[in-house]
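User: I am new to this structure and would like a close look at a single part of it. Please take me through that part slowly, in connected prose.

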Amino acid sequence: MSQSDTSNIQALSTEVSQLRQELQLRDQLVQQLSQELFRLVKGNTNFMPPPQESEYDSSQVQALREQLQAVEQQVTFYQEQITTRDAEIYQLRQSVQELTDRSRMLEQVVQELPQIYRRKFEERMTPVRDKVAMLQRENRQLQAELQSVSYRLALKTRYTQHSGIDLPTFPRPGGMSSISEPQNA
């Protein structure tokens, strides 16, 4: 949830609180006014306005009724606003909960990513390691063969330098060879 969402929720909560306080104050004023009117009209039986003042009083009563009606309209308006804001707050809380759940899920995925990457890397490295091991074995074998060939070549070169000509030896049908191997001089 972003900071602007949080500040919007706080601003809405503050505004709802202020509207509730105003509504309570107006309810108290309406209650006091109605009690005062009730006391004046019903509570005092001796109070009968003189006929010449009845027009004035009726105009005041009419003005008070209009004020009462205006206050009731305001109360209705504020109650509708409170209901609307409560619905908005509920929706915002739902959004906050959904975003919190999603954030937790993403955090879990992010925490699991290194393990997943390690496992995938190991899976990819296994054939590479096998290939490297095979190449190393082949390299050792080739080096051994190279040393063997180098040794034979060195021997051949040494015999060639001492005896002059390297004559091949052919096997005789009798099994014995009459040509002897070159000797070192």
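User: Is Glu88 buried, exposed or partly exposed, and what is its relative accessible area? Please also describe the surroundings of its salt-bridge partner, and place both in the rest of the chain.

Analyst: This is a predicted model, and in it Glu88 is partly exposed, with a relative accessible area of 31%. The reasoning rests on two cut-offs, since a residue counts as buried under 20% and as exposed over 50%, with partly exposed in between, so the 31% of Glu88 falls in the middle class.

The partner of Glu88 is Arg85, and their side chains meet in a salt bridge with an N to O distance of 3.9 Å. General background helps here: side chains of opposite charge can pair when their charged atoms come close. The two residues are three apart in helix H2, and they are therefore separated by about one helical turn. Arg85, however, belongs to another class of accessibility, because its relative accessible area is 17% and it counts as buried, whereas Glu88 is partly exposed.

What surrounds Arg85 on the side away from its sequence neighbours is also given by the model: once the residues within four places in sequence are left aside, Arg85 is in contact with Leu12, Glu15 and Val16. One of these, Glu15, has a further role in the picture, as Glu15, Arg85 and Glu88 are linked in a network of salt bridges.

Beside Arg85 in sequence stands Asp86, whose side chain meets that of Arg20 in a salt bridge of 3.4 Å, N to O. This pair links distant parts of the chain, since Asp86 lies in helix H2 and Arg20 in helix H1, which covers residues 3–43, and the two are 66 residues apart. Both members are partly exposed, Asp86 with a relative accessible area of 32% and Arg20 with 40%.

The two helices also share a nonpolar core, the largest in the model, with five residues: Leu19, Leu23, Val75, Tyr78 and Ile82. H1 and H2 are the elements that give two or more residues to this core, and H2 provides the largest share, three residues. If we leave aside the neighbours of Leu23 within four places in sequence, Leu23 is in contact with Val75, Gln79 and Ile82, and two of these contacts, Val75 and Ile82, are themselves members of the core.

Farther along helix H2, which runs over residues 51–163, the description turns to the surface. A nonpolar surface patch of about 620 Å² is made by Met105, Leu106, Val109, Val110, Leu113, Ile116 and Tyr117, and the last of these, Tyr117, is exposed, with a relative accessible area of 56%. Another salt bridge joins the side chains of Arg129 and Glu122, at 3.0 Å from N to O, and both residues are partly exposed, with 44% for Arg129 and 38% for Glu122.

To set the part you asked about in its wider frame, the chain has two helices and zero strands, and the structure holds five salt bridges, among them the pair of Arg85 and Glu88. Of the 185 residues of the chain, 5% count as buried, and Arg85, at 17% relative accessibility, is one that counts as buried. Among contacts between residues at least 6 apart in sequence, 78% join residues at least 24 apart, and the pair of Asp86 and Arg20, 66 residues apart, likewise links distant parts of the chain.

Note on methods: Residues numbered from 1 in each chain as written. Predicted model: local features only at pLDDT ≥ 70, side-chain atom pairs only at ≥ 80, totals over all residues. Heavy atoms only, no water. Helix = DSSP H or I, 4+ residues; strand = E, 2+ residues; numbered from the N terminus. Buried < 20%, exposed > 50% of the residue type's maximum accessible area, 1.4 Å probe, protein only. Contact = heavy atoms within 4.5 Å. Patch = residues over 30% accessible without salt bridge, like charges linked within 9 Å, V, L, I, M, F, W, Y side chains within 5 Å. Areas by Shrake-Rupley, 256 points an atom, 1.4 Å probe, with all protein chains shown as cover. Salt bridge = Lys/Arg side-chain N within 4 Å of Asp/Glu carboxyl O. Core = buried A, V, L, I, M, F, W, Y, C linked by side-chain atoms within 4.5 Å.
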